Amino acid sequence: MIFQNDDSIMEKNLSRERVFDGIILHIDHVTNELPNGKAAKREIAVHVGASAVLPIDGEGNIYLVRQFRAPIDQILLEIPAGKLDSVDEDRLLAAKRELKEETGLEAENWLHLTDTFTTPGFSNERISLYLARELHQSDACPDEDEFLNLVKLPFKEALDMVLRGEIRDAKTQIAICMASHLI
């Protein structure tokens with residue numbers, strides 16, 4: 001793959017101002033100088049980051065969670081995931097924490113699949129995706145505001161659901177597709 005010189009499309013930051021501090025997001029207003037010399041305003045949702053995990057057992061089943069998502073007013077089928085406690089938190093440790101909290105599962109074998117930017121048009125959120133194997137059950141301990149239903153599916157069925165558009169959560173789609181050559 002050949003890329004052209006990206007200098008011709010790069011923007012230069014002129015100023016940045018925090019305009020909102022929320023529970024999950026902070027909003028910054030940014031002014032950038034465009035490649036043509038003009039200034040452009042940008043609004044950026046600043047997120048601490050997250051980790052997510054696709055757990056697969058020895059029989060080829062994966063474990064997903066169904067949970068209500070207020071921004072879209074729907075219940076989604078997703079891999080276990082959660083935000084980092086701080087920008088410095090180890091992403092693998094966060095994935096291990098979220099797997100145990102949401103499913104009660106722990107894993108002996110971990111593989112980093114990728115990091116993905118969820119919505120780079122307006123947010124800097126980066127989610128680290130992991131594959132977890134050699135599972136064993138312990139006690140789930142979801143956060144007090146977290147209500148989940150655990151779903152066990154054969155991997156092939158979940159992949160088919162992604163390809164049919166029945167699993168619509170992006171991090172889950174990415175993790176399942178990336179793991180498909182490993183299963």
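This is a short tour of a predicted model, one selection at a time.

**Whole chain**

Start with everything shown as cartoon. You have three helices and ten strands on screen. Follow the chain along its sequence and the order reads β-β-β-β-β-β-β-α-β-β-β-α-α. Switch to a C-alpha trace and look down the principal axes: the trace spans about 60 × 45 × 30 Å. The chain has 183 residues, and 40% of them count as buried. As for contacts between residues at least 6 apart in sequence, 56% join residues at least 24 apart.

**S5 and its two partners**

Now select strand S5, residues 61-69. Add strand S6, residues 74-78; S5 and S6 pair antiparallel, with five bridges. Next bring in strand S10, residues 149-154. S10 also runs antiparallel to S5, and six bridges join the two.

Which residues stand opposite Arg-66 in S6 and in S10? Show Arg-66 as sticks and look to either partner strand. In S6 the residue opposite Arg-66 is Leu-77, and in S10 it is Asn-149.

**The turn at Asp-73**

Stay with the S5 and S6 hairpin, which has four residues between its strands. Pick Asp-73, in the loop between S5 and S6. What is the sign of phi at Asp-73? It is positive, about 55°, although Asp-73 is not a glycine. For background, most residues other than glycine have a negative phi. Is Asp-73 buried or exposed? Its relative accessibility is 60%, and the cut-off for exposed is over 50%, so Asp-73 counts as exposed.

For a second positive phi, jump to Glu-134. Glu-134 is another residue other than glycine, with phi near 55°, but this one is found in strand S9.

**The largest nonpolar core**

Select Leu-54, Ile-62, Leu-64, Leu-153, Phe-155, Ile-167 and Ile-176 and show their side chains. Of the 24 residues in the largest nonpolar core, these touch the most other members. Two or more residues come from each of strand S4 (50-55), S5, strand S9 (126-137), S10, helix H2 (155-163) and H3. The biggest contributor is H2, with five residues. In general, nonpolar side chains in soluble globular proteins tend to be buried together.

Centre on Ile-62 for a closer look. Leaving out residues up to four places away in sequence, Ile-62 touches Leu-54, Pro-55, Ile-56, Val-151, Lys-152, Leu-153, Phe-155, Ala-158 and Ile-176. Another core, of nine residues, lies apart from the largest one; to find it, select Val-53, Ala-95, Ala-107 and Tyr-130, which are among its members.

**The largest pocket**

Time to turn on a surface. The largest pocket holds about 1,400 Å³ of space. Which of its 37 lining residues are the closest to its centre? Select Ile-24, His-47, Arg-69, Glu-125 and Lys-171.

Colour the lining by class and you should get 16 nonpolar, seven polar and 14 charged residues. Then colour by element. Strand S3 (39-47), S5, S6, strand S7 (81-83), helix H1 (91-103), strand S8 (105-117) and helix H3 (170-179) each supply at least two lining residues. H1 has the largest share, four residues. S5 turns up here again as part of the lining, having already given residues to the largest core.

**Two distances to draw**

Select Gly-22, found in the loop between strand S1 (12-21) and strand S2 (25-33). Gly-22 is partly exposed, with 23% relative accessible area. Draw a line from its C-alpha to that of His-47: the two are 25 residues apart along the chain, and the separation is 10.0 Å. His-47 may look familiar from the pocket, as one of the residues closest to its centre.

Finish in helix H1 with Lys-96. Lys-96 is partly exposed, at 35% relative accessibility. Draw the second line from its C-alpha to that of Asp-160. These two residues are 64 apart along the chain, and their C-alpha atoms are separated by 26 Å.

Conventions: Residues are numbered from 1 along each chain as its sequence is written. This is a predicted model: local features need pLDDT of at least 70, side-chain atom pairs count only at pLDDT 80 or more; totals for chains, interfaces and linings use all residues. Side-chain values use heavy atoms; hydrogens and water are left out. On a 1 Å grid over the protein atoms alone, a cavity is a set of points where a 1.4 Å probe fits but cannot get out, and a pocket is an open set with protein on both sides within 12 Å along at least five of seven lines; lining residues have an atom within 4 Å of a point. Grid points are joined across faces, edges and corners, and a volume is the space filled by probe spheres set on the points. Ala, Val, Leu, Ile, Met, Phe, Trp, Tyr, Cys and Pro count as nonpolar, Asp, Glu, Lys and Arg as charged, and the others, Gly among them, as polar. A nonpolar core is a set of buried Ala, Val, Leu, Ile, Met, Phe, Trp, Tyr and Cys residues joined through side-chain atoms within 4.5 Å. Buried means under 20% relative accessible area, exposed over 50%, partly exposed in between (1.4 Å probe, protein chains only). Contact means heavy atoms within 4.5 Å. Two strands pair if DSSP finds at least two bridges between them.
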